[in-house]
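Please look at the sequence together with the three-dimensional model, and keep both in view while you read. The paragraphs below go from one residue to its surroundings, then to the ligand, and then to two further residues.

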Amino acid sequence: MKERIYLIGFMGVGKTTLGKKLARHLGYRFVDLDDFFEAKFKIEIYQFFNKYDEPLFRKLEHDRLEKTFEMEGVVVSTGGGTPCHYHGIEEINRHGLSVFLEMPPAAIAHRLIHARRKRPLVVGKTGEQLTQFIRKKLSERQGCYEKAAIKTHALHLNVAALASEIQKFE
Ligand code: S3P
């Protein structure tokens, strides 16, 4: 099995929740890249966007991603944009196994409206605005997400089945 498993996909699809469960199944450690960023820079991502800007966030989140390539026996849940900047997906595929969690835009919108964590890119957007934003961003990112080694539907996901598929990769 690969030493590093990366969960990728749009914000709100459940990468963190699934990542924790998957790590337990595989006997791996769990790393959430957003938390890893916040712990390093001692600032919430939401605040970081207010204080600095997205280009700096992308650069620093990529540095954090590279740090995970030194780890062994980990499931990493990435931020929604991580694989789509600085050739993140290509690097992820070189250093580990990527799993794309797919979900329809309407379901993502529903989940983001009810999410507890503040996401700077969608804050203040409601209903139709949010769904439109998701459709647009998803279509920009689809090509990058599709480069994942494994693609799976995030709604009604069977963790045990996914874990055994992951274990097949040498
Ligand atoms: C982002 C997703 C967020 C976080 C940041 C930007 C994005 O992570 O990294 O707010 O560009 O999609 P989650 O996917 O964990 O919400």
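**From one side chain to the ligand**

In this predicted model, the side chain of Thr-82 comes to 2.9 Å from the backbone nitrogen of Gly-79. The side chain of Thr-82 also takes part in a polar contact of 2.9 Å with the side chain of Glu-61. To place Thr-82 along the chain, look at the loop that runs between strand β3, residues 74-77, and helix α5, residues 88-95. Is Thr-82 buried or exposed? Its relative accessibility is 2%, and because residues under 20% are counted as buried, Thr-82 belongs to the buried ones.

We can now turn to the ligand, which sits in the largest pocket of the model. Which residues are the closest to the ligand? The shell around it holds 13 residues, and the closest are Lys-15, Asp-34, Arg-58, Gly-80 and Arg-141. If you sort the residues of this shell by kind, you find five that are nonpolar, three that are polar and five that are charged.

Some of the surrounding atoms can be followed one by one. In the side chain of Lys-15, an N or O atom lies 2.7 Å from an oxygen atom of the ligand, while in Gly-80 a backbone N or O atom is 2.8 Å from an oxygen atom of the ligand. Arg-119 offers a further example, with an N or O atom of its side chain 2.9 Å from an oxygen atom of the ligand. Taken on its own, the ligand has 380 Å² of accessible area, and the protein covers 96% of that area.

Two other residues show how positions that are separated in the sequence are arranged in space. Gly-9 is placed in the loop between strand β1, residues 4-8, and helix α1, residues 15-26. Because its relative accessibility is 0%, Gly-9 counts as buried. Along the chain, Gly-9 and Met-103 are 94 residues apart, yet the distance between their C-alpha atoms is 8.6 Å.

Leu-65, in turn, is part of helix α4, which covers residues 54-68. With a relative accessibility of 0%, Leu-65 is likewise counted as buried. Its C-alpha atom is separated by 9.2 Å from that of Phe-36, a residue that is 29 residues apart from Leu-65 along the chain.

Conventions: Residues numbered from 1 in each chain as written. Predicted model: local features only at pLDDT ≥ 70, side-chain atom pairs only at ≥ 80, totals over all residues. Heavy atoms only, no water. Near = heavy atom within 4 Å. Polar contact = N/O pair within 3.5 Å; in protein donor to acceptor, adjacent residues only side chain to side chain. Areas by Shrake-Rupley, 256 points an atom, 1.4 Å probe, with all protein chains shown as cover. 1 Å grid on protein atoms, 1.4 Å probe; cavity = no way out; pocket = protein on both sides within 12 Å on 5 of 7 lines; lining within 4 Å. Sits in = over half its atoms within 2 Å of the grid points. Nonpolar A, V, L, I, M, F, W, Y, C, P; charged D, E, K, R; others polar. Helix = DSSP H or I, 4+ residues; strand = E, 2+ residues; numbered from the N terminus. Buried < 20%, exposed > 50% of the residue type's maximum accessible area, 1.4 Å probe, protein only.
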